[in-house]
Amino acid sequence: MDEVKRPKRKKKNQVPAGIVLLIIVIAVGIVLAGISSMLSIYWIFGISFGFVLQKSRFCFTASLRDPVLTGSTSLTRAVIVALMLATIGFAAVQYSAVSKELPVPGNIAPAGIFTAIGATMFGIGMVIAGGCASGTLMRVGEGFVQQCIALLFFIIGSMWGAHDYGWWADTFFSKAPTIFLPDLLGWAPALFGQLIVLAILFLIAEWYENKKLGSEEE
Amino acid sequence: MAEYRLDCLGEACPVPLIKTQKKMEQLKVGDTLIVEIDHSCAMKNVPEWARKVGYNVEIEEVDDGEWEIYIEKTK
Amino acid sequence: MNLINSPWYKRIFKDAWSYWTGAILLATLNTAMVAISGKGWGVTTTFAYWGAWILQLFGADVSGWNFFQLEANSKALGQSVFTNTGSVQNIGIIVGALLATLLASQFKIKKLKSYKQFIAAALGGLLMGYGARIAFGCNIGAFFSGIASMSVHGWVYAIFIFLGAWIGSKLLVRYFMT
């Protein structure tokens, strides 16, 4: 990281406001814990996700867009690393649940033409709105008016989608397969196969950036 | 050895980076571009790109949430 | 305040962290989440609840919609922002980002620069909202958590969100750049 130079102008110090907010965050956590412990846990998760996303400027939108637009893949590679680590973590949780004959934890849903259509819509939307779901929320917190508007229309779009959900469900969801890779391939091939695919994607991303931006370093 | 300014205040990603890339192409070797930004992500990806292509980069925080990125075209 | 000048403050609160740090922490948090709740991190289902609560405020009844007859969703109709876990989490993301920004002393309200940004945000928001409903999630619930869960829908999602991002990039440069 470059050294960020000291400012010429005298700036306001916002840290005291930050400390006040931190106290409020803790107070809200305590109040929520009084209602249910799960609520305060989700509160802590939300705060942590927001904090980490902002501090590391982690942006899923950029990870998918920058290769096309600017040739940079540093975020793409970071997302791939996150996917690899989360795959290992999730697999451990899933395996222990399955070995106790509990239902498989995680986000496992049907796949079909609707996934393709929805994901394409989502991809277009996040690039032009300047942020995905988590990115929009994070940027509302950073003070972007544009993302406040995006969030408002995101909610309207969600309602629209929820309204049409019945039609999609009747037409497609009921016939679509829900595939959990370890069921299809076995645990070891699914887990290691996925990790290998992700590792290959990582190497391709690295090669692509070096080719695009023409750098020999790294 | 001219100095140019590029106002990207209020622009969201990836616009500041695209504009910077375009502008840098027009500059001569030795010129400096000062990019004004207030997008916290651009404050990271613009310098990162410039360093990757081999330019000299300096960042200055001029106000709360506002930065100026100095990019010198070295080649 | 001497604390502000300390190298530790600068490293943790002032400077941006590396993308890799973000990747490791997000993967850890998401794993913790699935271990505790049985579900990976997701964001957008809650947006449909927010919409439903707003409609309910105006007296509309959405409980007949197929989407709100699913068990988890019908339960959410009776909840509020303060009693629904997803809502608490999403508001937490906003507040967490605000907290990080303030502690770095970098908060600034960024106003719209042109009407194009409004149109881009509105159109983008609608596309994301609708798209996430019919594809069982957003870039978090379906892409990040879906792939981590080794579900095929996560991989299908990945291919097409990339395609969408490519189309979106072309549209952005052509129509929405000021």
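These questions and answers cover a helix pair and the domains of chains A and C in a predicted model.

Biologist: How do the axes of H4(A) and H2(C) run relative to each other, roughly parallel or roughly antiparallel?

Modeller: Helix H4 covers residues 74-99 of chain A, and helix H2 covers residues 19-37 of chain C. Their axes come within 8 Å and cross at roughly 25°. Angles under 35 degrees count as roughly parallel. H4(A) and H2(C) are therefore roughly parallel.

Biologist: Is the crossing of H4(A) and H2(C) left-handed or right-handed?

Modeller: The question concerns the axes that cross at roughly 25°. The crossing of these two helices is right-handed.

Biologist: How many charged residues does the contact of H4(A) with H2(C) have?

Modeller: On the H4(A) side, the residues include Leu75(A), Leu85(A) and Phe90(A). They meet a set in H2(C) that includes Trp20(C), Ile24(C) and Val34(C). By class, the contact has 17 nonpolar and five polar residues, and the number of charged residues is none.

Biologist: What distance separates the centres of domain 1 and domain 2 of chain C?

Modeller: The domain assignment gives domain 1 as 1-107 and domain 2 as 110-178. Their contact takes eight residues from domain 1 of chain C and 11 residues from domain 2 of chain C. Over C-alpha atoms, the centres are separated by 18 Å.

Biologist: How many residues does domain 2 of chain A give to the contact with domain 1 of chain A?

Modeller: In chain A, the assignment gives domain 1 as 11-56 and domain 2 as 58-217. Their centres are 26 Å apart over C-alpha atoms. Domain 1 of chain A gives six residues to the contact, and domain 2 of chain A gives five.

Conventions:
Residues are numbered from 1 along each chain as its sequence is written. Chains are lettered from A and ligands numbered from 1 in the order in which they are written. This is a predicted model: local features need pLDDT of at least 70, side-chain atom pairs count only at pLDDT 80 or more; totals for chains, interfaces and linings use all residues. Axes are lines fitted to C-alpha atoms, for helices over the stretch in contact, and angles run from 0 to 180 degrees between N-to-C directions. Helices (H or I, at least four residues) and strands (E, at least two) are DSSP runs, numbered from the N terminus. Angles under 35 degrees count as roughly parallel, over 145 as roughly antiparallel, 65 to 115 as roughly perpendicular and the rest as oblique. A crossing is left-handed if the near helix is turned anticlockwise from the far one by less than a right angle, and right-handed if clockwise. Two residues are in contact if their C-beta atoms, placed from the backbone, lie within 7 Å. Ala, Val, Leu, Ile, Met, Phe, Trp, Tyr, Cys and Pro count as nonpolar, Asp, Glu, Lys and Arg as charged, and the others, Gly among them, as polar. Domain bounds come from an automatic or database domain assignment.
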